[in-house]
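Please walk through this structure with me, starting from a single pair of residues and widening the view step by step until the whole chain has been covered.

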Amino acid sequence: MAEFIKVATTDEIAPGQAKLVEVGGSEIALFNVGGSFHAIDNTCTHVGGPLCEGEIDGVEVTCPWHGAVFDVTTGRVLGPPAAESVTRYNVRVNGSDLEVEV
Ligand code: FES
């Protein structure tokens with residue numbers, strides 16, 4: 001059954017920044033977009049680039065390896081060379097805690 005797991009606190013990720021967290025063996029990239037938090041798989045669907053290290057522009061993150069673009073709010077792929085979207089996770093703010101549903 002899915003449950004919310006605390007992965008970080010809100011003050012650990014400034015607006016426009018990302019943080020890598022590990023939950024149950026999965027690497028998840030957490031993003032702060034103007035004060036709202038979003039979580040997607042850290043691993044690019046092209047050949048595995050780390051999306052938490054990508055350049056962030058609004059809701060878009062660019063994979064640092066070959067430039068695929070993803071929407072961090074949906075996981076949808078917006079630009080090649082990746083062809084498939086990444087998984088998106090529900091994020092909940094609980095006080096100052098950030099929790100991801102896994
Ligand atoms: S690994 Fe992300 S674009 Fe190639």
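In this predicted model, a convenient place to begin is Ala8, which stands opposite Leu98 in strand β11. That pairing belongs to a longer ladder, for β1 and β11 run antiparallel and are joined by five bridges. Leu98 also has a partner in another strand, since it is the bridge partner of Val93. The strands behind this second pairing are β10, residues 91-94, and β11, residues 97-101, which pair in the antiparallel sense over four bridges. Two residues lie between the strands of this hairpin, and Gly95 takes a positive phi near 65° there.

Taken together, these pairings make up an open sheet of three strands in the order β1-β11-β10, with antiparallel pairing. Its edge strands are β1, residues 4-9, and β10, each of which pairs on one side only. Ignoring direction, neighbouring strands of this sheet are turned by 35° against each other on average.

A second open sheet contains four strands, ordered β5-β6-β7-β8, and its pairing is likewise given as antiparallel. Here the edges are formed by β5, residues 55-57, and β8, residues 77-79, with each pairing on one side only. The average turn between neighbouring strands in this sheet, again with direction ignored, is 30°. Within the sheet, β5 and strand β6, residues 60-62, run antiparallel and are joined by three bridges, and one of the residue pairs that can be followed by eye is Asp57 with its bridge partner Glu60 in β6.

From the sheets one may turn to the interior, where Ala18, found in strand β2, offers a useful point of entry. How many other C-beta atoms lie within 10 Å of that of Ala18? There are 24 of them, and because a residue counts as buried from 20 upwards, Ala18 is buried. Leaving aside neighbours within four places in sequence, Ala18 is in contact with Ile13, Ala29, Leu30, Phe31, Cys52 and Ile56. Another view of how the chain folds back on this residue comes from Glu53, which is 35 residues away along the chain, although the C-alpha atoms of Ala18 and Glu53 are separated by 7.5 Å.

Ala29, one of those contacts of Ala18, has its own set of partners: not counting residues up to four places away in sequence, Ala29 touches Ala18, Leu20, Ala39, Ile40, Asn42, Leu51 and Cys52. Ala29 is also among the residues with the most contacts inside the largest nonpolar core, a set of 24 residues in which Ile28, Leu30, Ala39, Ile40, Leu51 and Phe70 are listed alongside it. The elements that give two or more residues to this core are β2 (18-23), β3 (26-33), β4 (36-41) and β11, and the largest share, four residues, comes from β3.

At the level of the whole chain, there are zero helices and eleven strands. The radius of gyration is 13 Å, close to the 13 Å that the globule rule gives for 102 residues, so the chain is as compact as a globular protein of that length. Along its principal axes the C-alpha trace spans about 40 × 30 × 15 Å. Of the 102 residues, 30% count as buried, and residues 24 or more positions apart account for 40% of the contacts with a separation of 6 or more.

Terms used:
Residues numbered from 1 in each chain as written. Predicted model: local features only at pLDDT ≥ 70, side-chain atom pairs only at ≥ 80, totals over all residues. Pairing = 2+ DSSP bridges. Rg over C-alpha atoms; globule rule 2.2 N^0.38 Å. Buried ≥ 20, exposed ≤ 12 C-beta atoms within 10 Å, placed from the backbone. Contact = placed C-beta atoms within 7 Å. Core = buried A, V, L, I, M, F, W, Y, C linked by C-beta atoms within 7 Å. Axes fitted to C-alpha atoms, helices over the stretch in contact; angles between N-to-C directions.
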